[in-house]
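Subject: A structure for you to explore

Hi there,

Here is the structure I promised to pass on to you. Have a look around it first, and then read my notes below.

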Amino acid sequence: MIITRRAFTAALSLTGLAALAGFSPLRLISEALIPEAFAQTAADVAKPQSLPDMGLGPADAAVTIVEYASMTCPHCAAFNATVFPKLKAEYIDTGKIRYIFREFPLDIKAAAGSMLTRCIAKDDAQKYFAVTDMLFRSQNDWVVKNTTETLTRIGKQAGLSQQQVEACLKDQALLDKIAADQKYASDILKVDSTPTFFINGEKIKGESSIEEFQKRINPLLKS
């Protein structure tokens with residue numbers, strides 16, 4: 001599912017976010033924004049599109065992993081809780097790889113969570129990953145329960161005011177960029193589920209184990 005501004009506006013009225021976000025009816029993301037689909041290459045994966053990449057690890061690392069995830073995806077949350085800490089300790093914190101996280105919202109609440117994360121972190125990648133971790137770990141609270149109230153509370157805990165949270169969730173330019181990046185991932189990189197990973201351009205779909213990552217990463221580090 002590609003989050004468009006029309007879909008976002010319609011869904012907000014059903015999720016309790018409408019009063020907070022206050023979107024006006026908006027046009028669909030133009031098909032012309034994305035070139036004709038073609039098979040992905042490592043170069044296609046490597047370059048950020050509308051939003052700057054949020055990454056950990058050295059920019060010149062021999063191995064780069066790009067994860068596409070939805071903030072409401074339970075498999076993404078499970079990966080974040082069980083596999084990512086091992087990847088971080090073994091490869092990211094030791095400077096062996098660069099790890100990039102990109103938003104691929106599968107529903108309206110995921111889009112709102114991604115927007116809030118971007119607003120809280122701004123250009124701080126460490127803070128971005130910390131907020132992402134917090135949202136994944138509290139996924140049942142803010143997805144299942146009162147989304148507006150919980151996201152507002154999380155925003156305030158991170159230092160945003162009520163007004164700043166409201167402004168964030170009705171930031172049409174930010175939503176446009178998330179939607180455009182998602183559409184690029186779908187059309188060009190053929191991402192159609194979360195989590196999806198690219199290791200130096202090679203796609204891996206689904207919640208893979210640390211052993212699977214080790215099997216793919218280690219030969220690249222030796223070559």
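Let's begin with a pair of helices: how are H5 and H12 oriented to each other? Please keep in mind as you read that this is a predicted model.

Two packed helices are described by the angle between their axes and the distance between the axes. Helix H5 covers residues 84-92 and helix H12 covers residues 210-222; their axes lie 11 Å apart and make an angle of about 20°. Angles under 35 degrees count as roughly parallel, so H5 and H12 are roughly parallel to each other. Their crossing is right-handed. On the H5 side, the contact is made by Lys86, Leu87, Glu90 and Tyr91, while H12 brings Ile210, Phe213, Gln214, Ile217, Asn218 and Leu221. Sorted by class, the contact of H5 with H12 has six nonpolar, two polar and two charged residues.

Next comes helix H6 (residues 108-121), which has two partners worth a look. With helix H10 (residues 162-169), H6 packs at an angle of about 125°, and the axes are 9 Å apart. That makes H6 and H10 oblique to each other, and they cross in a right-handed way. Which residues make this contact? From H6 they are Ala112, Met115, Leu116 and Cys119, and from H10 they are Val165, Cys168 and Leu169. The contact of H6 with H10 has seven nonpolar residues, with no polar and no charged ones.

The other partner is helix H7 (125-137). Here the axes of H6 and H7 come within 9 Å and cross at roughly 145°, and the crossing is again right-handed. Gly113, Thr117, Arg118, Ile120 and Ala121 in H6 meet Lys127, Tyr128, Val131, Thr132 and Leu135 in H7. By class, this contact of H6 with H7 has five nonpolar, three polar and two charged residues.

While you are there, find Lys122 in the loop between H6 and H7. Phi of Lys122 is near 55°, a positive value in a residue other than glycine.

Another backbone detail sits elsewhere in the chain. Where is Pro195? Look in the loop between helix H11 (172-187) and strand E4 (196-199). The peptide bond that leads from Thr194 to Pro195 is cis, and its omega is near -5°.

Finally, there is some empty space to find. How many cavities of 30 Å³ or more does a search of the whole structure find? The search finds one, and the space in this largest cavity is about 90 Å³. Its lining is made of Lys47, Pro48, Gln49, Leu51, Pro52, Asp53, Tyr68, Arg102, Glu103, Arg118 and Asp181. Those lining residues divide into four nonpolar, one polar and six charged. You have already met one of them: Arg118 lines the cavity and is also among the H6 residues that meet H7.

Enjoy exploring, and send me your questions whenever you like.

Best wishes

Terms used
Residues are numbered from 1 along each chain as its sequence is written. This is a predicted model: local features need pLDDT of at least 70, side-chain atom pairs count only at pLDDT 80 or more; totals for chains, interfaces and linings use all residues. Side-chain values use heavy atoms; hydrogens and water are left out. On a 1 Å grid over the protein atoms alone, a cavity is a set of points where a 1.4 Å probe fits but cannot get out, and a pocket is an open set with protein on both sides within 12 Å along at least five of seven lines; lining residues have an atom within 4 Å of a point. Grid points are joined across faces, edges and corners, and a volume is the space filled by probe spheres set on the points. Ala, Val, Leu, Ile, Met, Phe, Trp, Tyr, Cys and Pro count as nonpolar, Asp, Glu, Lys and Arg as charged, and the others, Gly among them, as polar. Axes are lines fitted to C-alpha atoms, for helices over the stretch in contact, and angles run from 0 to 180 degrees between N-to-C directions. Helices (H or I, at least four residues) and strands (E, at least two) are DSSP runs, numbered from the N terminus. Angles under 35 degrees count as roughly parallel, over 145 as roughly antiparallel, 65 to 115 as roughly perpendicular and the rest as oblique. A crossing is left-handed if the near helix is turned anticlockwise from the far one by less than a right angle, and right-handed if clockwise. Contact means heavy atoms within 4.5 Å.
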